[in-house]
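Please open the structure in your viewer and keep the selection panel at hand. The tour below proposes a series of selections and describes what may be found at each stop.

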Amino acid sequence: MRLALDEAGRAGADVPVGAVVLASDGTTVLGAGHNEREATGDPTAHAEVLAIRRAAADLGEWRLSGCTLVVTLEPCTMCAGALVQSRVDRVVYGARDEKAGAAGSLWDVVRDRRLNHRPEVIEGVLAEDCARILTEFFRSH
C-alpha cells in the first residue's frame, strides 16, 4: 500500500489515487498508475485502469491471474468491472468510498455471484493514510 500511496502523490491536479499490480510473488510490481483524467482528458484514466493496462503490457497478455491490485481508494464501478475482466485474484484497498465504491460499500460488483470471476477483497489497509490524502486534496480544492 505504501507504493500505491507514493503513486497517489504523483497525481498532480487529479484526485490523489494510486494503484499497483503485484505479480503472484506479492512483491514484483507489474504495473502502477495514478489518476490522470485531468492530465490526459481521458475519463477512463483512473489509477486502477492504468495499472492494469501497464501490468498486462508487461506480462504480454490480458489475464492477470495470480496478481493482486493494491489501490488507495475503493474501486468505482468502471474499475471494478476492469478488475473482474482482467481476472486479478485479489483487490486490496485502503479508504472506503461510500459515494461511489463498488467493492463492498455502495455496490459490490467484484463479488457479484452472477459474474464468472470474483476476486478476493481485502479492505482497510492503511485506511487512515489513504483517506487523509484525499481529505487534504478536497479541502484545498
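**Starting point: Arg 87**

Select Arg 87, which is found in the loop between H4 and E4. The model is a predicted one. Arg 87 comes just after H4 and takes a positive phi of about 65°. It has this positive value although it is not a glycine.

**The whole chain**

Next, display the entire protein chain as a cartoon. How many helices and strands does the protein chain have? There are five helices and five strands. Followed along the sequence, these elements give the pattern α-β-β-α-α-β-α-β-β-α. The radius of gyration of the protein chain is 14 Å, close to the 14 Å that the globule rule gives for 141 residues, so the chain is as compact as a globular protein of that length. Rotate the view to see the extent of the C-alpha trace, which spans about 40 × 30 × 30 Å along its principal axes.

Now show the surface. The accessible surface of the protein chain comes to about 7100 Å², and 50% of this belongs to carbon and sulfur atoms. Of the 141 residues, 49% count as buried. Colour the charged side chains: 16 are positive and 21 are negative, and the centres of the two sets lie 4 Å apart. Among contacts with a separation of 6 or more, 56% are made by residues 24 or more positions apart.

**The nonpolar core**

In soluble globular proteins, nonpolar side chains tend to be buried together. Hide the surface and select Val 21, Leu 64 and Leu 69. Within the largest nonpolar core, which has 37 residues, these three touch the most other members. Several elements each supply at least two residues of this core, including helix H1 (2-8), strand E1 (18-22), helix H3 (47-59), strand E3 (68-73) and helix H5 (127-140). Which element gives the most to this core? That element is H3, with five residues.

Keep Leu 64 selected and show what surrounds it. Leaving aside neighbours within four places in sequence, Leu 64 is in contact with nine residues' worth of side or main chain listed here in full: Val 21, Ile 52, Ala 55, Ala 56, Leu 59, Ser 86, Arg 87, Val 88 and Asp 89. Arg 87, the starting point of the tour, is thus one of the residues in contact with Leu 64.

**Helix H4**

Select helix H4 (77-86). Which residues of H4 are buried? They are Cys 79, Ala 80, Leu 83, Val 84 and Ser 86. An α-helix has 3.6 residues a turn, so residues three or four places apart point the same way. The buried residues of H4 pack against H3, E3 and E4.

**From Val 84 to Leu 115**

Select Leu 115, whose place is in the loop between E4 and strand E5 (120-123). Is Leu 115 buried or partly exposed? Leu 115 is partly exposed, with a relative accessible area of 31%. Not counting residues up to four places away in sequence, Leu 115 touches Val 84 and Val 109. Leu 115 and Val 84 are 31 residues apart along the chain, and their C-alpha atoms are separated by 8.2 Å.

**Last stop: Leu 126**

Finally, select Leu 126, which lies in the loop between E5 and H5. Its phi is near 50°, a positive value in a residue other than glycine. At 29% relative accessibility, Leu 126 counts as partly exposed.

Terms used:
Residues numbered from 1 in each chain as written. Predicted model: local features only at pLDDT ≥ 70, side-chain atom pairs only at ≥ 80, totals over all residues. Heavy atoms only, no water. Helix = DSSP H or I, 4+ residues; strand = E, 2+ residues; numbered from the N terminus. Rg over C-alpha atoms; globule rule 2.2 N^0.38 Å. Buried < 20%, exposed > 50% of the residue type's maximum accessible area, 1.4 Å probe, protein only. Contact = heavy atoms within 4.5 Å. Areas by Shrake-Rupley, 256 points an atom, 1.4 Å probe, with all protein chains shown as cover. Lys, Arg positive; Asp, Glu negative; His and termini not counted. Charge placed at Lys NZ, Arg CZ, Asp CG, Glu CD. Core = buried A, V, L, I, M, F, W, Y, C linked by side-chain atoms within 4.5 Å.
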